[in-house]
Amino acid sequence: MNSSLMPSCTPPPAQLLSGATRRAHSPAALVGDTPVLWVGEPFTAAGRGFWAKLEGHNPGGIKDRTALFMVERARERGDLLPGARIVESTSGTLGLGLALAGIVFGHPVTVVTDPGMEPLVSGLLTAYGADVQRVTEPHPVGGWQQARRDRVTDLLALHPDAWCPDQYHNPDNVTAYAGLARELVAQLGRIDALVVSVGTGGHSAGVASVLRTFFPDLKVAGVDTCGSTIFGQEAAPRLMRGLGSSIYPRNVDYTLFDEVHWVAAGEAVWAARALARSRYASGGWSVGAVALVARHLSATLPAEARIAAVFPDGPHRYAGTVFDDAWCQERRLLGCEPAGAPDEIGHPGERTVTRWTKCETVLDPAPAAAGPYSGTASLTGAAR
């Protein structure tokens, strides 16, 4: 070995530790302070790009933030008694967050999911001590999402002391993301545009509302999936998980969005894979869809515009789906390179969209009299 490459002396321990990552006495301390990564060419055009907030660096993903916050606030209010069971519907990421919160605060956790949950996530939930229950049939109107919520209602009746976070309508799910917004301000200084996926409405509302207090002219682009009812499209079978909905979540703040984009599953797969190849950072459905829209904004906004895109998780749970050739081929999701720009419609109800489409008219489609638990859209035969 070339001795010139070896240090001439061993530095003291204090010097070795300078700049080292933080130590944690609780796994909750590992949540937050996630990095931002510049995403430029070849994923974007030369000289253009955006900053990606890598929430996959949390132990379980972005919803670690809200799970810990909702549980802590419920305990403070007395809604969640010491040692009582937590019961919630989830497609995966919130389940991981609740398992973390259950360990931190000492609560058993039951998550209700459906056959679409990836085996990796199900296995992790079990390893973390959560009780995983699956519904086997979709609700005839509300699909898998409503079927899961109905099972939660049944479980709450069986366990009178149990508590449900109700992520779709719980305002704590919005407040929980103020810290993420402040991290973005500290990391980027100025933000001109924000790109966020929309499912329960929690992180889109929580991040955008805080950023608007710093940057009143902030442009906010919401990202949904084809077949979702959130922004006024007709319900249809959906393959993508983590964004979109078959109910009307009351946490969605429609006043914050300047435009909404619907992205198809094959387009999200293409973007997630292209992102992985070019930047060694990717994720699943939400990340692919958000990256596609952020790439578009980087090409159409002024070159000096600073764009932040929230990536809710990482790629690992999607090894058997988004990144599996056979799985994608069976569902005709390969070779779906998106067009250079989205289609555009003037009103969400103008027509049913089946590919990447943009609309600058953003309206709340829920029935005017809909209460926190009453919004269910027509979704006969829906897959998700």
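Me: Let's begin with strand 3. Which of its residues are buried, and on which side does each one sit?

Reply: First, the yardstick: buried means under 20% relative accessible area, exposed means over 50%, and partly exposed lies in between (1.4 Å probe, protein chains only). In strand 3, Ile86 and Glu88 are buried on one side, Val87 and Ser89 are buried on the other, and both faces are covered. Keep in mind that this is a predicted model: local features need pLDDT of at least 70, side-chain atom pairs count only at pLDDT 80 or more, and totals for chains, interfaces and linings use all residues. Residues are numbered from 1 along each chain as its sequence is written, and side-chain values use heavy atoms, with hydrogens and water left out.

Me: Which strand does strand 3 pair with, and in what sense?

Reply: Strands of a sheet pair through backbone hydrogen bonds, either parallel or antiparallel. On the bookkeeping side, helices (H or I, at least four residues) and strands (E, at least two) are DSSP runs numbered from the N terminus, and two strands pair if DSSP finds at least two bridges between them. Here strand 3 pairs with strand 4 in the parallel sense, over 4 bridges. To find the spot, look for valine 87, with threonine 110 of strand 4 opposite.

Me: How does the chain get from strand 3 to strand 4, and what is the hand of that crossover?

Reply: Picture the strands pointing away from you: a crossover is right-handed if the path from the first strand over the helix to the second runs clockwise. In this chain the route goes from strand 3 through helix 3 to strand 4, giving a right-handed β-α-β crossover. Strand 4, helix 4 (residues 119–127) and strand 5 also make a right-handed β-α-β unit.

Me: What is the strand order in that sheet, and is it open or closed?

Reply: It's an open sheet of 3 strands, ordered 3-4-5, with parallel pairing. Strand 3 (86–89) and strand 5 (131–134) are the edges, each pairing on one side only. For angles, axes are lines fitted to C-alpha atoms (for helices, over the stretch in contact), and values run from 0 to 180 degrees between N-to-C directions. Neighbouring strands here are turned by 20° against each other on average, direction ignored. Strand 4 (residues 109–113) and strand 5 share 4 bridges in the parallel sense. Two places to look: valine 111 has valine 132 of strand 5 as its bridge partner, and threonine 113 stands opposite arginine 134.

Me: What about the other sheet: how many strands form it, and in what order?

Reply: This open sheet has 8 strands in the order 1-2-9-6-7-8-11-10, and its pairing is mixed. Its edges are strand 1 (36–39) and strand 10 (343–345), each of which pairs on one side only. Neighbours are turned by 25° against each other on average, direction ignored. Strand 2 (residues 50–54) and strand 9 (residues 307–311) pair in the parallel sense over 4 bridges, with lysine 53 bridged to valine 310 of strand 9. Contact means heavy atoms within 4.5 Å. Helix 9 (residues 265–279) packs on this sheet and touches strand 1, strand 8 (259–263) and strand 9, its direction making about 100° with that of strand 1.

Me: Where can I see a helix enclosed by the rest of the structure?

Reply: Try helix 10: 14 of its 16 residues are buried, so it is largely enclosed by the rest of the structure. Helix 10 (residues 285–300) reaches 23 Å from first C-alpha to last, close to the 22 Å expected at 1.5 Å a residue; the expected span is 1.5 Å times one less than the number of residues.

Me: What covers the buried residues of helix 2?

Reply: The cover includes strand 2, strand 3, helix 3, helix 6 and helix 7 (178–188). Among the buried residues of helix 2 are Leu68, Phe69 and Met70. Just after helix 2, glycine 78 takes a positive phi of about 85°.

Me: Why does histidine 159 count as partly exposed?

Reply: Because its relative accessibility is 35%. Histidine 159 sits in the loop between helix 5 (143–158) and helix 6 (172–175). Histidine 159 and alanine 84 are 75 residues apart in sequence, yet 9.0 Å apart in space, C-alpha to C-alpha.
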